[in-house]
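Work through the short exercises below with the model open. Each task is followed by a stepwise solution.

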Amino acid sequence: MASTYGDVTKIQTTGASEKTARQDKLTVKGVEASYKLAENDLKRMDQYKSIITKVGRAKQIDPALIAGIISRESRAGAALDNGWGDHGKGFGLMQVDKGSHAPKGAWNSEEHLSQGTDILVELIKAIQRKFPTWPKEHQLKGGIAAYNFGPGNVRTYERMDIGTPGDDYSSDVVARAQWYKRHGY
């Protein structure tokens, strides 16, 4: 299912930086590294596939994109401590920032994924308003970057990831989402 906000498979991406690839001690970087990181999370991700798909359909967001964010944010739960990550600031599979939002539901619940996806949709819409002449897929990628560091930090398409962890957030998420899309999400 393509999102009403753009088609993640049509976004050109550079994938994961060397820094991000080092999470799994990979010797490659770029799209190949993002694919490997996504693959390494697949077994854990599959336990959430039904709720990812349900939320994606309900919110008109490609489930593969939700999976890509979950892979990047929490490694499908492996990077969490009792549902918390980012030194206790991020909650759940999608790492909802407790400083900006009151977390909803259990860390691995449909309610949590609905909240995280609602936040993503609002950020995509914010980027659409900020950059109305960008193609839909560029706005989608900008919304993904904004999910990490806010819409105010998205200034240009070419440099939108500068300032995100690894300077690659949306590029890595997009590549992971493309991998999940080819693997049934």
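**Exercise 1: a residue in a helix**

Task: Place Glu73 in the predicted model, and classify its exposure.

Solution.
- Step 1. Glu73 sits in helix H4.
- Step 2. The relative accessible area of Glu73 is 21%. Buried means under 20%, and exposed means over 50%. Glu73 is therefore partly exposed.
- Step 3. Set aside the neighbours within four places in sequence. Glu73 then contacts Leu93, Met94, Gln95, Tyr147, Asn148 and Tyr169.

**Exercise 2: the annotated site**

Task: Which residues does UniProt list for "active site"?

Solution.
- Step 1. The unreviewed UniProt entry lists Glu73 and Asp86.
- Step 2. Both Glu73 and Asp86 are included in the lining of the largest pocket.
- Step 3. Asp86 lies in the loop between strand S1 (84-85) and S2.
- Step 4. With a relative accessible area of 48%, Asp86 is partly exposed.

**Exercise 3: positive phi, first case**

Task: Is Gln95, one of the contacts of Glu73, buried or exposed?

Solution.
- Step 1. Find Gln95 in the loop between strand S2 (90-91) and strand S3 (96-97).
- Step 2. Check the backbone. Phi of Gln95 is positive, about 55 degrees, although the residue is not a glycine.
- Step 3. Relative accessibility is 10%, so Gln95 counts as buried.

**Exercise 4: positive phi, second case**

Task: Where does Gln60 lie?

Solution.
- Step 1. Gln60 is in the loop between helix H3 (49-59) and helix H4 (63-74).
- Step 2. Gln60 is not a glycine, yet its phi is positive, near 60 degrees.
- Step 3. Gln60 has 42% relative accessibility, so it counts as partly exposed.

Key
Residues numbered from 1 in each chain as written. Predicted model: local features only at pLDDT ≥ 70, side-chain atom pairs only at ≥ 80, totals over all residues. Heavy atoms only, no water. Helix = DSSP H or I, 4+ residues; strand = E, 2+ residues; numbered from the N terminus. Buried < 20%, exposed > 50% of the residue type's maximum accessible area, 1.4 Å probe, protein only. UniProt positions renumbered as here; feature names shortened; annotations may be inferred. 1 Å grid on protein atoms, 1.4 Å probe; cavity = no way out; pocket = protein on both sides within 12 Å on 5 of 7 lines; lining within 4 Å. Contact = heavy atoms within 4.5 Å.
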